[in-house]
Amino acid sequence: MNHHLSPSKAGIALGALVGGLHLLWSVLIALGWAQAIANFSLWAHMVSLPFVVGEFDLSAAVILVVVASVIGYVIGSVFARIWNRAYSG
């Protein structure tokens, strides 16, 4: 059984997942739904914090999605390299 992972594919997969989640969060902010979802999440976790979602800013949203995607790519790629080294033998 081949346990080899492609660092590039793993990076793209995790980058797309993390970037996609942050894109979804940005859309929720743009639609005005983010505060209600954050409030529900805090309530469901039995946490009380003064948490306020700011107004939508397109440049901040783009930077958020790009940075999250790049970090996800790097983490996925590094994970695959570590995995491959651990199972190379």
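A residue counts as exposed when its relative accessible area is over 50%, and as buried when that area is under 20%. Keep both cut-offs at hand for this tour of a predicted model.

**Stop 1: Ile12**

Select Ile12. It sits in helix H1, which runs over residues 7-31. Is Ile12 buried or exposed? Its relative accessible area is 51%, so Ile12 is exposed. Leave it highlighted; the surface stop returns to it.

**Stop 2: the whole chain**

Zoom out and colour by secondary structure. The protein has three helices and zero strands. Along the sequence the order is α-α-α. With a radius of gyration of 17 Å, against the 12 Å that the globule rule gives for 89 residues, the protein is more spread out than a compact globule. Turn the C-alpha trace onto its principal axes: the spans are about 50 × 35 × 20 Å.

Now colour by burial. Buried residues account for 20% of the 89 residues. Switch to contacts. Of those with a sequence separation of 6 or more, 79% join residues 24 or more positions apart.

**Stop 3: helix H1**

Select H1 alone. The helix has 25 residues. From first C-alpha to last it reaches 36 Å, close to the 36 Å expected at 1.5 Å a residue. Which residues of H1 are buried? They are Pro7, Gly11, Gly15, Gly19, Ser26 and Leu28. Show H2 and H3 as well: the buried residues of H1 pack against these two helices.

An α-helix has 3.6 residues a turn, so residues three or four places apart point the same way.

Step off the end of H1. Gly32 follows the helix, with a positive phi near 85 degrees.

**Stop 4: the loop between H2 and H3**

Move on to Met46, which lies in the loop between H2 and H3. Check its backbone. Met46 has a positive phi of about 55 degrees, although it is not a glycine. Next, its surroundings: a relative accessible area of 76% makes Met46 exposed.

Go on to Gly54. This glycine is found in the loop that links helix H2 (34-44) to helix H3 (58-86). Gly54 is exposed too, with a relative accessible area of 51%. Add Met1 to the selection and draw a distance line between the C-alpha atoms. How far apart are Gly54 and Met1 in space? The line gives 50 Å, for a pair 53 residues apart in sequence.

**Stop 5: the nonpolar surface**

Turn on the molecular surface. The protein exposes about 6700 Å², and carbon and sulfur atoms supply 73% of that area.

Select Ile12, Phe56, Leu58, Val62, Val66, Val70, Tyr73, Val74, Val78 and Ile82. Together they make a nonpolar surface patch of about 900 Å². Which helix gives the patch its largest share? H3 does, with eight residues. Ile12, from the opening stop, brings in helix H1.

**Stop 6: Asn84**

Finish in helix H3, at Asn84. Is Asn84 buried or exposed? Its relative accessible area is 14%, so Asn84 is buried. Show what surrounds this side chain and skip the neighbours within four places in sequence. The contacts of Asn84 are then with His3, His4, Leu5 and Pro7. Pro7 has appeared before, among the buried residues of H1.

Definitions and conventions:
Residues numbered from 1 in each chain as written. Predicted model: local features only at pLDDT ≥ 70, side-chain atom pairs only at ≥ 80, totals over all residues. Heavy atoms only, no water. Helix = DSSP H or I, 4+ residues; strand = E, 2+ residues; numbered from the N terminus. Rg over C-alpha atoms; globule rule 2.2 N^0.38 Å. Buried < 20%, exposed > 50% of the residue type's maximum accessible area, 1.4 Å probe, protein only. Contact = heavy atoms within 4.5 Å. Areas by Shrake-Rupley, 256 points an atom, 1.4 Å probe, with all protein chains shown as cover. Patch = residues over 30% accessible without salt bridge, like charges linked within 9 Å, V, L, I, M, F, W, Y side chains within 5 Å. Salt bridge = Lys/Arg side-chain N within 4 Å of Asp/Glu carboxyl O. Expected span 1.5 Å × (residues − 1).
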